[in-house]
Amino acid sequence: METLNETQKRFFETFGYLAFKGLLAEEMGRIIAEFEGVFEQRGITHDPTQRSCLVPFIDQREYLCGLLDHPSITMIAQGLLGDNYNYLGSDGNYYTGNTGWHSDGYHRQVSYIKIALYLDPVKADTGALRVIPGSHRLEPEDPIRRATRSKELWGIEAQDVPAVALESQPGDVVVFNHNIMHSSYGGSSHRRMFTINLGQHSETAEELLDLENYINSSARFWIDSLYGPLMLKTAPPQRMAHLQQVLDHQTALPALAAKARLEMAGPARS
Ligand SMILES: O=C(O)CCC(=O)C(=O)O
């Protein structure tokens, strides 16, 4: 199996992202068909006025579950998170328009990463992921982490905030640290993209609390488990090793999801 080299790891640690050109190019035809299949089987027709988001996503089809065992994905996961990383769920999306500046949480103790596959060509001004390099290492109070207020703080539009656009063709893979500030601008009303979330294994009480908070925050998607049944049913032992810690720490999720079902009009879309 290929491994990430030290330069790639150092780049990721320093800047908070990596892009792999053509890493899953051979698989893309099948991946796109499976992506469409998930939305079809769930009877979801994308409404172009708002984002469609399905969580968990790869768990819906055996082939997509298998991406977790794919040498290219395990290479990224092991290289950035160590051998005993956790799978933390996935989302499948038809995005509509812009995604404003945000980070996917803020984790001090352990690294959480997102692997993203854009299924349509995206350029800087047509929906490519933009990242502010190094912003994953900044304290929450740092002004750069307030890029949503770009107009008021710096007199510039959000899309003019200095950033790197990770332009992507189907088959390319982008990876970023959850802490990094990211966005996208100018995308179409049916931009197809799905992600796989992974994190380092939690060891200390504080890290386990962080993991449980992460899991429990998924109640907003109205799910009782971070994993769909197929993910577990089709898991070879080497995949199970990356599911076990979450299985052991998601006991509060069903009650929280039940509460969310009472309080929210529908499952969250982001
Ligand atoms: O592609 C996009 O519009 C943004 C993606 C994003 O924010 C995410 O996956 O966390």
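1. A residue is taken here to be near the ligand if its C-beta atom, placed from the backbone, lies within 6 Å of it. In this model, which is predicted, the residues around the ligand are Tyr95, Thr99, Asp104, Lys114, Ala116, Leu129, His182, Ser184, Met193 and Thr195. Sorted by class, this shell has four nonpolar, four polar and two charged residues.

2. As for where the shell comes from, at least two of its residues are supplied by each of strand 5 (112-118), strand 9 (182-184) and strand 10 (191-199).

3. The sheet deserves a look of its own, since six strands form an open sheet with antiparallel pairing, and their order across it is 1-8-5-10-3-2. Strand 1 (17-20) and strand 2 (52-54) are the edge strands, each of them pairing on one side only, and from one strand to the next the twist averages 20°.

4. At one edge of that sheet, strand 2 pairs with strand 3 (residues 86-95) in the antiparallel sense, over three bridges. For a reader who wishes to find this pairing in the structure, Ser52 has Tyr94 in strand 3 as its bridge partner.

5. Helix 6 (residues 205-216) has twelve residues, which at 1.5 Å a residue should span 16 Å, and the end C-alpha atoms are indeed 16 Å apart, so the expected and computed spans agree.

6. Within helix 6, the residues Asp210, Leu211, Tyr214 and Ile215 are buried. These four cover an arc of only 135° around the axis, which puts them on the same side of helix 6. An α-helix has 3.6 residues a turn, so residues three or four places apart point the same way. On the other side of helix 6, by contrast, Ala205, Glu206 and Asn213 are exposed.

7. Two backbone features call for a check by eye, given that most residues other than glycine have a negative phi and most peptide bonds are trans. One is the peptide bond from Val55 to Pro56, which is cis, with omega near -10°; Pro56 is found in the loop that runs between strand 2 and helix 3 (62-65).

8. The other is Trp222, which has a positive phi of about 65° although it is not a glycine, and which has its place in the loop between helix 6 and helix 7 (229-233). Is Trp222 buried, exposed or partly exposed? A residue counts as buried with 20 or more other C-beta atoms within 10 Å of its own, and as exposed with 12 or fewer; Trp222 has 16 within that distance, and is therefore partly exposed.

Note on methods
Residues are numbered from 1 along each chain as its sequence is written. This is a predicted model: local features need pLDDT of at least 70, side-chain atom pairs count only at pLDDT 80 or more; totals for chains, interfaces and linings use all residues. Ala, Val, Leu, Ile, Met, Phe, Trp, Tyr, Cys and Pro count as nonpolar, Asp, Glu, Lys and Arg as charged, and the others, Gly among them, as polar. Two strands pair if DSSP finds at least two bridges between them. Axes are lines fitted to C-alpha atoms, for helices over the stretch in contact, and angles run from 0 to 180 degrees between N-to-C directions. The expected span of a helix is 1.5 Å times one less than its number of residues. The arc is that of the directions from the helix axis to the C-beta atoms.
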